[in-house]
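Good morning, colleagues. I should like to take you through one structure today, beginning with its overall layout and then turning to several local features.

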Amino acid sequence: MKRLTSLILLLSLLLSACAHHGAAYIQSRPPGAEVVDVKTGVALGVTPFKYWWRDDSVSRKFVNIRVHKEGYRDKTNSFWVDLRHDSRKTALDNAQSIEMVLQKN
């Protein structure tokens, strides 16, 4: 039983060490814009907010977002998120800053 517990602990440590985490702090001027992932069409949140990604197989993730706010032109932005952190908390604490300035219609 002790050997099995040690093996399970070792496997969980190895698996958690493989996870890559990254985050972005997405802001807009003016604030209150909806942010959508262009690839999936999924709404990620409303600015300003932090968003977190995780991937076990890569160390960077290409992100393409669209920002929408009533009375302003939609704007898209593409960027790379560095998935260099070993936990969600660390990634969110060190989120990359992304700021988008919206133009009135």
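From the N terminus on, the order of elements in this protein is α-β-β-β-β-β-β-α-β. That makes two helices and seven strands. Please keep in mind that we are looking at a predicted model. The protein has 105 residues, of which 27% count as buried. As for contacts with a separation of 6 or more, 62% of them join residues 24 or more positions apart.

Let me begin with strand pairing. Strand β1, residues 20-29, and strand β7 run parallel, and six bridges join them. One of the pairs to look for on the screen is Q27, whose bridge partner in β7 is E99.

Strand β7 itself covers residues 96-101 and has two distinct faces. Which residues of β7 make up its covered face, and which the uncovered one? The covered face consists of Q96, I98 and M100, while S97, E99 and V101 form the uncovered face. The general background is that side chains in a regular strand alternate between the two faces of the sheet. E99, the bridge partner of Q27, thus belongs to the uncovered face of β7.

I turn next to the loop between β6, residues 75-82, and α2, residues 88-93, where H85 is located. Is H85 buried or exposed? H85 counts as buried, because its relative accessibility is 11%, and the cut-off for buried is under 20%. Leaving aside residues up to four places away in sequence, H85 touches A19, H20, H21, T90, A91 and N94. Among these contacts, H20 and H21 fall within the range of β1, residues 20-29, and T90 and A91 within that of α2, residues 88-93.

Now to the charged side chains. How many salt bridges does a search of the whole structure find? The search returns five, and I shall discuss some of them. As a general matter, side chains of opposite charge can pair when their charged atoms come close.

One salt bridge links the side chains of R54 and D56, at 3.3 Å from N to O. R54 counts as partly exposed, with a relative accessibility of 47%, and D56 is likewise partly exposed, at 46%.

Another salt bridge joins D74 to R66, with an N to O distance of 3.7 Å. Here D74 is partly exposed at 42% relative accessible area, and R66 is partly exposed at 30%.

A further salt bridge is formed by R84 and D82, at 3.3 Å from N to O. R84 counts as exposed because its relative accessible area is 53%, where the cut-off is over 50%. Its partner D82, at 31%, is partly exposed.

Finally, let us consider the largest pocket, which has a volume of about 220 Å³. Its lining consists of D37, K39, T40, V42, L44, Y51, W53, K61, F62, V63 and N64. The elements that contribute two or more residues to this lining are β4, residues 49-55, and β5, residues 60-68. Which element gives the most to the lining of the largest pocket? That element is β5, with four residues. By residue class, the lining divides into six nonpolar, two polar and three charged residues.

With that, I conclude the tour and welcome your comments.

Key. Residues numbered from 1 in each chain as written. Predicted model: local features only at pLDDT ≥ 70, side-chain atom pairs only at ≥ 80, totals over all residues. Heavy atoms only, no water. Buried < 20%, exposed > 50% of the residue type's maximum accessible area, 1.4 Å probe, protein only. Contact = heavy atoms within 4.5 Å. Salt bridge = Lys/Arg side-chain N within 4 Å of Asp/Glu carboxyl O. Pairing = 2+ DSSP bridges. 1 Å grid on protein atoms, 1.4 Å probe; cavity = no way out; pocket = protein on both sides within 12 Å on 5 of 7 lines; lining within 4 Å. Points joined across faces, edges and corners; volume = space filled by probe spheres on them. Nonpolar A, V, L, I, M, F, W, Y, C, P; charged D, E, K, R; others polar.
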